[in-house]
Amino acid sequence: MKGLVLALAIFCSLGYVAVGKHVFCYYSSFAYKRHSIGNFLPEDINPYLCSHIIYAFVDISKDGTDLKPGNKNDHGPNGLYARTLALKEKNPSLKVLLAVGGWNIGSEPFVPMIRDEHTRNTWIQNVVKYVRKHGFDGFDMDWEFPATRGSPPEDKYRFTLLMKGLYEAFEEEAKESGKEKLLLTIAAASGTYYIDQSYEPSKIIQYIDYMFLMTYNYHGQWEKWTGHHSGLYPHKDDPKTGEKSQLYQEWSIDYWLNVGISKDKLVVGIPTYGMTYTLADPEDHGVRAPAVGGGHKGEYTRETGILAYYEICKNLQDEGWKSEWIDEQSVPYAYGGDQWAGYEDKKSISIKASNILKRDLAGAFVWSVEMDDFGNVCGQGNYPLLSTITESIGGSSVARPAAAHPEFKIDTRPRPDAPLEDWAEPNSVTSSPAKGTWKKGKKIAAAANNKKAEVVTTAPPPTSAENQESTSESQEKLKVRPWTQSRKMSKWRPLSEKKAPTSLPQTSGTTGSPSKRLRYLWRKKFVRNHKAAPQKQKESDDTTSWQTTKWWSSSPPDKKSPDSKESSESVASSQDSAEAVNHAQQHHPQEKNHVVRTAAHEHAEEPKSNSPAASSHHGSSEGVDEEMDERLNICREKGMGTYADPFSCDHFIICMAGSWSDVPPHVMACPPGTKYDEQLKICNYAFNVHCHH
């Protein structure tokens, strides 16, 4: 008997309490547009490293009553939905959730949905239908954030009703259908700047299965000095009081536990990307060193102020960057020249995973899976960060190391030199491989017991006559991979090497290129609305977001909203914007994810008749085209993010993933009495902004 007790004590001391912990993996679906080694598809996800995959993102219909796909290729037998859900065939215990929201879309799509009980309930019922129809196991609410960014203050309380309605609808549907209940999760803010404005904390935790606590983006390019964005503990130079004293993971975990959330619901966020800065002085490269803005765009992620882990380790290996360790925060940072990046490595993630076990929380989530080194670029094996999490907290009932499943292999063939310009329907996919070289794959590092997995090798394609049959067979198996499709692709080269065109280009030798076609589709829609407009200025549904008034208001552009309280509450100083950061994937970049979180709204002047929205709606179609071309050029040059509108001081533009080639940027209005501050990336008091548009 004593021997049994001793054995149990040893068993527990070895860390096997990890059984039941979960590893949630956000997947930024737009990553299929990235080129070369950054190109990422559902087949690249290792289904044994995650207990749950969260597909980001689905959008909300314009009238706020339904969901709609976020990518043009989400639906269909070879669509991204189906290909992500197909991973469950390899790992039957895997669950796949669908996420709505993200930082990029803000509050705008949620406002018409949540404004009244009828619309809200209609949307809830349609969410159940949509999620079930497409075979997902749950739904993730990633509204960033209620009652802010254009959402009125009363939405804080409506959001509680929304979560309650979803949770109860999921329970009722499970009873009626006999199926397992759909999971309901929420991506939640980690600091009081948004928590206090957006949630009734003690109430919303009653209506969720898991909370994904976004414990990252505490610091970033909106600040004037460097800081690590995902420290486990505070830095010695951080303020001791106020919001700035809350910017580390342990504070956020303590806050929500004190609110009353149960430990088995709280999931801690771990980023697989770094937040970057451009140093004011390359010789001053420590923590809190002066900075002049975000770091340069990565070669593959193409986003200012953000680098994927594989981009950072490539800089360390190939560009002479150096890495330092921040002892008090248990995280590393890297620097080279005037560039600085706070990031996570295997050591820091292992420490965070140990803290999750120590505190007996539900598990960890990553934003996002495609920002990890999924292709072994750095020589640490595939998915070094995610594998470290899984090894540390993944129990026997959830994710397991890849080495235990040698049937999973990463396709190591070179990816296209450019993102796909379009997505072929299944019946148009050919078996002809895209042009390019073939290379031998690298060894996949085992994620457990330090053993090497089988070497994946892709040989050159057979060319002799006797091998034609085997060639056709192998190509048939690969035909769902988009880089095997027969299409013309423009050669990619860094934007810094070419001058942005003054108008949208048309691919040489091709008619109707996607960028040009979208330009005129947009123009046609806009001109149609313009011609249909009566003499009296009146907003139409198709042009609401282009008005000079607040896009969430029903008031006409020439009338000031009587709700002065909302305007005053939206104003914040630059020091209140510490949490205002990109979420991907994506959450971040990836926007997760998750783009810079422009949290604070500033004081701007009343909309004027010469603002971009007014002039576009009442001007000529040629002028509209020229203005949109100018905005698109900004997105081409600067990549994903928020930037000053070139035609109005009280507007700004949001460049989405692919904005420089696929869709026009969003034009957003600042609250009354404010102007957009390009330096702080927020709407600031008008008297604090120097703008001469």
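Lys203 sits partly exposed in this predicted model, with a relative accessible area of 40%. Its salt-bridge partner is Glu200, and the N to O distance between the two side chains comes to 3.2 Å. Glu200, for its part, is buried, because its relative accessible area is just 15% and the cut-off for buried is under 20%. So this bridge pairs a partly exposed lysine, Lys203, with a buried glutamate, Glu200.

That pair is one entry in a count of 18 salt bridges. Another one runs between Asp318 and Lys314, at 3.7 Å from N to O. These two residues are four apart in helix H10, so about one helical turn separates them. Asp318 has a relative accessibility of 51%, and since exposed means over 50%, Asp318 counts as exposed.

Arg631 and Asp645 also form a salt bridge, and here the closest N and O atoms are 2.6 Å apart. This pair links distant parts of the chain: Arg631 belongs to helix H17 (residues 621-638), whereas Asp645 is found in the loop between strand S17 (641-644) and strand S18 (651-655), 14 residues apart. Both ends of the bridge are tucked away, Arg631 being buried and Asp645 likewise. Elsewhere, salt bridges with shared partners tie Glu250, Asp254 and Arg359 into one network.

Turning to the covalent links, the model has five disulfides. Counting the bonded cysteines along the chain, the pairing reads 1-2, 3-4, 5-7, 6-10, 8-9.

One of the disulfides connects Cys25 with Cys50, with an S to S distance of 2.0 Å. Cys25 is part of strand S1 (residues 22-28) and Cys50 is in the loop between S1 and strand S2 (52-60), so the bond ties together parts that are 25 residues apart in sequence. The torsion about the S-S bond of Cys25 and Cys50 is about -95 degrees, which means that the disulfide is left-handed. Cys25 and Cys50 are both buried.

Another disulfide is formed by Cys313 and Cys378, whose sulfur atoms lie 1.4 Å apart in the model. Cys313 is located in helix H10 (residues 309-318), while Cys378 is in the loop between strand S15 (363-367) and helix H12 (384-393), so this pair ties together parts that are 65 residues apart in sequence. Cys313 and Cys378 are buried as well. Helix H10 therefore turns up twice in this account: Cys313 lies in it, and so do Asp318 and Lys314 of the salt bridge described above.

Cys670 and Cys683 make up a further disulfide, with 2.1 Å from S to S. Their S-S torsion is about -75 degrees, so this disulfide is left-handed. The pair links distant parts of the chain, 13 residues apart, with Cys670 in the loop between strand S19 (666-669) and strand S20 (674-677) and Cys683 in strand S21 (residues 682-685). With a relative accessibility of 6%, Cys670 counts as buried, and Cys683 is buried too, at a relative accessible area of 2%.

Technical notes:
Residues numbered from 1 in each chain as written. Predicted model: local features only at pLDDT ≥ 70, side-chain atom pairs only at ≥ 80, totals over all residues. Heavy atoms only, no water. Disulfide = S-S within 2.5 Å. Buried < 20%, exposed > 50% of the residue type's maximum accessible area, 1.4 Å probe, protein only. Salt bridge = Lys/Arg side-chain N within 4 Å of Asp/Glu carboxyl O.
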